Amino acid sequence: MRDLMALVDLQKQVWGMHDHECTSPHTMKAATVAGGGVLGAEVDGRLSGFCFGIAAKRSGDVWLWSHMTAVHPDDQNKGIGFALKQAQRAWALANGYRVMAWTFDPMQAGNANFNLSRLGATARIYYVNHYGSMQDDLNAGLASDRLEAQWHLDDPRVTALARGGERQGRIAISETTRLVFVDSRGALRCKVPASLDKAQYAIEIPHSIAALKDDDIKRAQTWQLHVRDAITSLLEAGYHVSDFVRADGSSWYLMSRALPEIAEG
């Protein structure tokens with residue numbers, strides 16, 4: 001319980017949460033008894049990060065729902081988050097789980113790149129304003145839209161990435177496949193055709209949504225609505241979020257038609 005109590009302060013440091021927004025140590029304790037798990041990371045003897053997952057039922061299968069993963073701001077971009085997720089993956093496989101899932105903000109380029117490109121997760125469920133109005137430092141100002149990352153723990157691509165395999169190389173984004181993008185004059189565009197017939201489409205998001213919110217909250221809100229419209233339209237047409245790439249200084253979701261075999265949500 002002492003270790004779990006320490007995670008409250010870490011949640012505040014990472015997300016700027018208020019007391020009532022933090023996950024209770026008692027809730028985490030109960031989740032571990034019910035089949036979930038909490039893993040921590042230490043740097044020089046101090047708590048640096050954690051991940052927290054609970055057992056979840058999906059169409060007769062039991063998944064691990066990874067509700068929180070956090071690394072202290074001073075320790076980010078040092079590989080600790082990747083190490084935590086791989087430790088969580090190993091724990092999940094050892095405890096009989098084959099799929100892990102969690103939600104993330106589709107406007108956060110860093111999270112999208114980590115989840116889709118580095119870990120090898122995919123997404124095919126989009127939640128509109130999932131948590132309602134949120135007032136913590138990271139989420140205030142925008143609707144709490146979320147993509148559901150689905151991580152097939154023994155998928156060959158996931159396994160290769162876990163072992164340090166090469167990520168996808170450079171990809172050129174074709175003008176004919178861009179649905180949301182910033183044009184050459186800096187104008188934000190959204191063009192979702194009535195007929196979606198290409199094998200893959202690309203959707204641009206800001207390099208830093210936090211910086212954009214500080215600079216131009218209206219543009220940030222409009223961009224979020226464009227991304228919501230494009231992704232949900234493609235999901236309804238049978239596409240899924242297959243990867244995330246950074247090309248020519250821009251950040252893009254790739255959405256592909258072919259769907260992996262997966263249990264329904």
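**Exercise 1. The strands around β6**

How many bridges join strand β5 (residues 122–127) to β6, and in which direction do the two strands run? Work out next which strand pairs with β6 through six bridges, and state which residues of β6 are buried on each of its faces.

*Solution.* The model examined here is a predicted one. Start with β5: four bridges connect it to β6, and the two strands run antiparallel. Within this pairing, Thr-122 has Gln-150 of β6 as its bridge partner. Turn then to β4, which is joined to β6 by six bridges, again in an antiparallel arrangement; here Phe-104 finds its bridge partner in Leu-147 of β6. The last step concerns burial: seven of the seven residues of β6 (residues 146–152) are buried. On one side these are Arg-146, Glu-148, Gln-150 and His-152, and on the other Leu-147, Ala-149 and Trp-151, so that both faces are covered.

**Exercise 2. The surroundings of Ala-101**

Locate Ala-101 in the secondary structure, decide whether Ala-101 is buried or exposed, and list the residues with which Ala-101 is in contact beyond its neighbours within four places in sequence.

*Solution.* Ala-101 belongs to strand β4 (residues 99–104). Its relative accessibility is 0%, and because buried means under 20%, Ala-101 counts as buried. Once the neighbours within four places in sequence are set aside, the contacts of Ala-101 are Trp-63, Leu-64, Trp-65 and Ser-66, together with Glu-148, Ala-149 and Gln-150. Of these, Glu-148 and Ala-149 are buried on opposite sides of β6. As a check on distance, Met-68 lies 33 residues from Ala-101 along the chain, and their C-alpha atoms are separated by 11 Å.

**Exercise 3. Two helices and the residues that follow them**

Compare the end-to-end reach of helix α1 with its expected value, do likewise for α7, and identify which residue with a positive phi comes after each helix.

*Solution.* Helix α1 (residues 2–15) contains 14 residues and extends 21 Å from its first C-alpha to its last, which is close to the 20 Å expected at 1.5 Å a residue. For α7, with 20 residues, the expected span is 28 Å, and the 29 Å between its end C-alpha atoms agrees with this. Just after α1 comes Gly-16, with a positive phi of about 65°, while α7 is followed by Gly-238, whose positive phi is near 100°. Burial can then be read off for each helix: in α1 the buried residues are Leu-4, Leu-7, Val-8, Leu-10, Gln-11, Val-14 and Trp-15, and their cover includes α2 (25–33), β1 (37–43), β2 (46–58) and β3 (61–71). In α7 the buried residues include Trp-223, Val-227, Ile-231 and Leu-234, and also the polar or charged side chains of Gln-224, Arg-228 and Ser-233.

**Exercise 4. Cores and aromatic rings**

Which residues touch the most other members of the largest nonpolar core, and which helix gives the most to this core? Describe also the geometry of the pair Tyr-201 and Tyr-239 and that of the pair Phe-244 and Tyr-253.

*Solution.* The largest nonpolar core has 43 residues, among which Ile-203, Ile-231 and Tyr-253 touch the most other members. The greatest contribution to this core comes from α7, with seven residues. A second core, separate from it and made up of 14 residues, includes Leu-7, Leu-10, Val-14 and Cys-22.

For the rings, the count is four aromatic pairs. Tyr-201 and Tyr-239 form one of them, with 5.6 Å from centre to centre and 65° between the planes, an edge-to-face arrangement. This pair links distant parts of the chain, since Tyr-201 lies in strand β9 (residues 200–205) and Tyr-239 in the loop between α7 (217–236) and β10 (240–247), 38 residues apart. Both partners are buried, Tyr-201 with a relative accessible area of 2% and Tyr-239 at 1%. In the pair of Phe-244 and Tyr-253 the ring centres are 5.2 Å apart and the planes stand at 75°, so this pair too is edge-to-face; Phe-244 is buried at 1%, and Tyr-253 at 0%.

Charged groups complete the exercise: the charged end of Lys-85 sits over the ring of Trp-102, 3.9 Å from its centre, and Arg-178 lies over the face of Phe-181, at 3.9 Å from the ring centre.

Terms used
Residues are numbered from 1 along each chain as its sequence is written. This is a predicted model: local features need pLDDT of at least 70, side-chain atom pairs count only at pLDDT 80 or more; totals for chains, interfaces and linings use all residues. Side-chain values use heavy atoms; hydrogens and water are left out. The expected span of a helix is 1.5 Å times one less than its number of residues. Buried means under 20% relative accessible area, exposed over 50%, partly exposed in between (1.4 Å probe, protein chains only). Contact means heavy atoms within 4.5 Å. Rings of Phe, Tyr and Trp (its six-membered ring) pair if their centres lie within 6.5 Å; planes under 30 degrees apart count as stacked, over 60 as edge-to-face and the rest as tilted. A charge sits over a ring if NZ of Lys or CZ of Arg is within 6 Å of the ring centre and within 35 degrees of the ring normal. A nonpolar core is a set of buried Ala, Val, Leu, Ile, Met, Phe, Trp, Tyr and Cys residues joined through side-chain atoms within 4.5 Å. Two strands pair if DSSP finds at least two bridges between them.
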